[in-house]
Amino acid sequence: MKHLTDDMLWTMVAGPGAAAWRAHLDTCPRCRERFDEWRAVHAGLADLEREALDEREIHRLSVLFRARGPQPAGHTELWTRLLRSAPLVPMAVRGAAMPVLAEHGVGPYHVTVQVCEETAGAHHLHGQVIEGGAPAGRGEVVLSTEDGRLLSGPIDELGEFDLEGVGPGRYRATLLVEKVRVVVESLPVGTTDGT
Ligand SMILES: [Zn+2]
């Protein structure tokens with residue numbers, strides 16, 4: 001059986017779901033992990049109804065939900081693949097902070113991301129989303145990690161975005177543009193273990 005979709009996992013968070021899904025969940029660590037993420041989001045949403053999550057946390061949960069929640073009807077989710085990745089300058093000095101440029105794409109969408117180390121451990125991401133050769137337009141970019149770290153920022157009318165102070169790690173980047181969710185599943189920042 002293929003891995004469970006987010007829709008299936010979300011259904012199981014809210015109710016029992018299908019027996020076959022349950023059986024898969026019992027044997028698949030990857031889906032189990034994703035299920036636990038969803039359960040945490042669900043618990044957070046339930047708290048919203050009770051009261052007093054601070055605004056920051058409400059924002060965090062709503063961003064997480066938009067970026068990783070089930071697709072609203074009529075929306076599309078597209079998963080990119082890595083097209084190329086290269087350091088921007090020669091590897092002349094060992095240990096020097098090198099900007100890295102990566103390009104990810106799916107269908108008409110291309111996402112380029114440049115990662116620069118600003119200060120020790122803090123990176124600056126600059127990127128652009130292109131649709132069919134033109135800027136994809138305004139939207140929102142969300143970086144998230146398995147352990148629940150979350151950063152988000154606007155995508156401007158030129159399809160560009162900037163995120164500052166990004167700690168090292170492996171992120172999922174989700175680009176919300178119009179009715180499309182473009183996903184870069186694995187975006188390494190300040191790690192040297194390749195992609
Ligand atoms: Zn699975």
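These legends walk through several close-up views of one predicted model. Because the model is predicted, local features need pLDDT of at least 70 and side-chain atom pairs count only at pLDDT 80 or more, while totals for chains, interfaces and linings use all residues. Residues are numbered from 1 along each chain as its sequence is written, and side-chain values use heavy atoms, with hydrogens and water left out.

**View 1. W10, W38 and F65 make up one aromatic cluster.**
A pair of aromatic rings is described by the distance of the centres and the angle of the planes. Here, rings of Phe, Tyr and Trp (its six-membered ring) pair if their centres lie within 6.5 Å; planes under 30 degrees apart are stacked, over 60 edge-to-face, and the rest tilted. The structure holds 2 such aromatic pairs. W10 meets W38 edge-to-face, at 5.1 Å centre to centre and 75° between the planes. W10 sits in helix α1 (residues 6-14) and W38 in helix α3 (residues 29-50), so this pair ties together parts that are 28 residues apart in sequence. Helices (H or I, at least four residues) and strands (E, at least two) are DSSP runs, numbered from the N terminus. W10 also pairs edge-to-face with F65, with 5.4 Å between centres and 65° between planes. That pair links distant parts of the chain, as W10 is in helix α1 and F65 in helix α4 (residues 55-68), 55 residues apart. How buried or exposed is F65? F65 comes out partly exposed, at 30% relative accessibility, while W10 is buried at 18% and W38 is buried at 3%. For these labels, buried means under 20% relative accessible area, exposed over 50%, and partly exposed in between (1.4 Å probe, protein chains only).

**View 2. Helix α1 has its buried residues on one face.**
D6, L9, W10, M12 and V13 are the buried residues in α1. Looking down the axis of α1, these buried residues fall within an arc of 160°, so they line one face of the helix. The arc is taken over the directions from the helix axis to the C-beta atoms.

**View 3. Two histidines and two cysteines hold the zinc ion: H3, H24, C28 and C31.**
The donor atoms are ND1 of H3, NE2 of H24, and SG of both C28 and C31, at 2.0 to 2.3 Å. Donors are N, O and S atoms within 2.8 Å of the metal (3.2 Å for Na, K and Ca); water is not among the atoms, so sites may look incomplete. With angles of 99 to 128° among the 4 donor atoms, the zinc site is tetrahedral. Four donors earn that label if all angles lie between 85 and 135 degrees. For reference, the ideal angle for four tetrahedral donors is 109.5 degrees. Along the sequence, the donor residues follow the spacing H-x20-H-x3-C-x2-C. C28 is buried, with a relative accessible area of 8%, and C31 is buried at 2%.

**View 4. Five strands make an open, mixed sheet in the order β1-β11-β10-β7-β8.**
Strands β1 (76-79) and β8 (150-155) stand at the edges with a single partner strand each, so one side of each is left without a neighbour in the sheet. Neighbouring strands are turned by 20° against each other on average, direction ignored. Two strands pair if DSSP finds at least two bridges between them. β1 and β11 pair in the parallel sense over 4 bridges, with R181 of β11 as the bridge partner of E77. With 8 of its 10 residues buried, β11 is largely enclosed by the rest of the structure.

**View 5. Strands β10 and β11 run antiparallel, joined by 8 bridges.**
The strands span residues 169-177 (β10) and 180-189 (β11). Which residue of β11 is the bridge partner of T174? T174 is matched with V183, and G169 stands opposite V189. The hairpin has 2 residues between the strands, and E178 takes a positive phi near 50°. Most residues other than glycine have a negative phi. E178 is exposed, with a relative accessible area of 70%.

**View 6. A120 is in the loop between β4 and β5.**
The flanking strands cover residues 109-119 (β4) and 122-131 (β5). A120 is exposed, at 77% relative accessibility. The C-alpha atoms of A120 and P168 are 9.8 Å apart, with their positions 48 residues apart along the chain.

Key
Four donors count as tetrahedral if all angles lie between 85 and 135 degrees; four count as square planar and six as octahedral if opposite donors are over 155 degrees apart and all others between 65 and 115; anything else is irregular. Axes are lines fitted to C-alpha atoms, for helices over the stretch in contact, and angles run from 0 to 180 degrees between N-to-C directions.
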